[in-house]
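Here's a quick tour for anyone opening this model for the first time. Have a look at the fold below, then read on for the main points.

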Amino acid sequence: MSDLVTRGAVLRETETKESDKILTVLTPDHGKISVIAKGARRKGCRYAAVCQTLAYSELTLNRRGDWYYLNEGTTLSLFDGLRADFEALALGFYFAELTEAVSSPEIPAPELLSHLLNGLYALDTLKKPRALAKPAFEWRLMCLAGYEPLADGCNLCGEENPADARLDPVQGVLRCAACGGPGNAGTLPLRPEAVAALRHIVYGPPGRLYAFTLTGEALDQLSNAAERYAAVQLERSFRTLDYYKSLSNL
């Protein structure tokens, strides 16, 4: 078959055989694909740089059955600033794992790829605080993947600014504490500032995603709610998140 030229970001790399790698790559036109990079671990491999997790590159591929084989690659961004900051790099790996969880093989994913690249750029170049960039990335990604929460008011009484707001991670809705009833045990508290930030992330323009400020307990609530929401909706945990949090705790 003829070569396919596309751009993509490496979400995961897996060592195989003596010197090869299997890359999970997110592309705008073919979605999530598996790429075999033969000899990628050999010293002097001409395309070794493009085979690193988070590398964004132009790739020349050849398809055989369900697999793509890497012929050539030119890096477009390695996000070197992340690789110089261990905690930022760990958070970038979490962004990649979360993105992999919501992307599908062979389904075009230009918005998902753009969101991932913008998130990495926010950490790498804009130097956005990790504690703020993390929930902003998580919430917006869930929206793009079809799991958008209803954050415009209490879903029971309709109050626009719920008193003592609670997020239901199963139903994906906000409620007043008084409206929650017996099921409030599984809901998550959100201060008014956290609700305002959530609405900015969910309903605001993508270009302004990281243009907000939030600190203290409200930021902790927004971040914890994002983690819980993703875990419940996707029905899984994320080892890269656990690792990132272990570094943050240190």
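Let's start with strand E3, residues 31-37: 6 of its 7 residues are buried, so the rest of the structure largely encloses this strand. Keep in mind that this is a predicted model. From E3 we can work outwards to its partner strands, the barrel they belong to, the helices that pack on it, a second sheet and a pocket.

**E3 and its partners**

- E3 runs antiparallel to strand E2 (residues 20-27), and 7 bridges join the two.
- Getting from E2 to E3 takes a hairpin of 3 residues.
- Looking for a pair to find on screen? Leu 23 has Val 35 in E3 as its bridge partner.
- E3 also pairs with strand E5 (residues 67-77), this time running parallel, with 2 bridges between them.
- Val 35 turns up again here, standing opposite Tyr 68 in E5.
- As background, strands in a sheet pair through backbone hydrogen bonds, and they can do that either parallel or antiparallel.

**The barrel**

- What order do the strands of the barrel follow? Going round, you meet E1-E2-E3-E5-E4, which makes 5 strands closing into a barrel with mixed pairing.
- From one strand to the next, the twist averages 50°.
- Strand E4 (residues 56-64) is joined to E5 by 9 bridges, and these two run antiparallel.
- Within that pairing, Leu 59 stands opposite Gly 73 in E5.

**Helices packed on the sheet**

- Helix H2 (residues 86-102) packs on the sheet and touches strand E1 (4-16), E2 and E3.
- The direction of H2 makes about 110° with that of E1.
- H3 packs on the sheet as well, touching E1, E2 and E4.
- For H3, the angle between its direction and that of E1 is about 65°.

**A buried glutamate**

- Is Glu 138, which sits in helix H4, buried or exposed? Its relative accessibility is 1%, so Glu 138 counts as buried, the cut-off being under 20%.
- Setting aside neighbours within four places in sequence, Glu 138 is in contact with Tyr 94, Leu 98, Ser 223, Ala 226 and Glu 227.

**The open sheet**

- There's also an open sheet of 4 strands, ordered E6-E8-E7-E9, and its pairing is mixed.
- Strand E6 (150-154) and strand E9 (188-189) are the edge strands, each pairing on one side only.
- Strand E7 (residues 166-168) runs antiparallel to E9, with 2 bridges joining them.
- Here Leu 167 stands opposite Leu 188 in E9.

**The largest pocket**

- How much space lies in the largest pocket? The answer is about 310 Å³.
- Its lining is made up of 16 residues, and the ones nearest the centre are His 115, Asn 118, Pro 206, Gly 207 and Leu 209.
- Helix H3 (110-124) and helix H4 (130-144) each supply at least two of the lining residues.
- H3 gives the largest share of the lining, with 6 residues; this is the helix that also touches E1, E2 and E4.
- Sorted by class, the lining has 8 nonpolar, 4 polar and 4 charged residues.
- In general, empty space like this shows up when a probe the size of a water molecule is rolled over the atoms.

Technical notes. Residues are numbered from 1 along each chain as its sequence is written. This is a predicted model: local features need pLDDT of at least 70, side-chain atom pairs count only at pLDDT 80 or more; totals for chains, interfaces and linings use all residues. Side-chain values use heavy atoms; hydrogens and water are left out. On a 1 Å grid over the protein atoms alone, a cavity is a set of points where a 1.4 Å probe fits but cannot get out, and a pocket is an open set with protein on both sides within 12 Å along at least five of seven lines; lining residues have an atom within 4 Å of a point. Grid points are joined across faces, edges and corners, and a volume is the space filled by probe spheres set on the points. Ala, Val, Leu, Ile, Met, Phe, Trp, Tyr, Cys and Pro count as nonpolar, Asp, Glu, Lys and Arg as charged, and the others, Gly among them, as polar. Buried means under 20% relative accessible area, exposed over 50%, partly exposed in between (1.4 Å probe, protein chains only). Two strands pair if DSSP finds at least two bridges between them. Axes are lines fitted to C-alpha atoms, for helices over the stretch in contact, and angles run from 0 to 180 degrees between N-to-C directions. Contact means heavy atoms within 4.5 Å.
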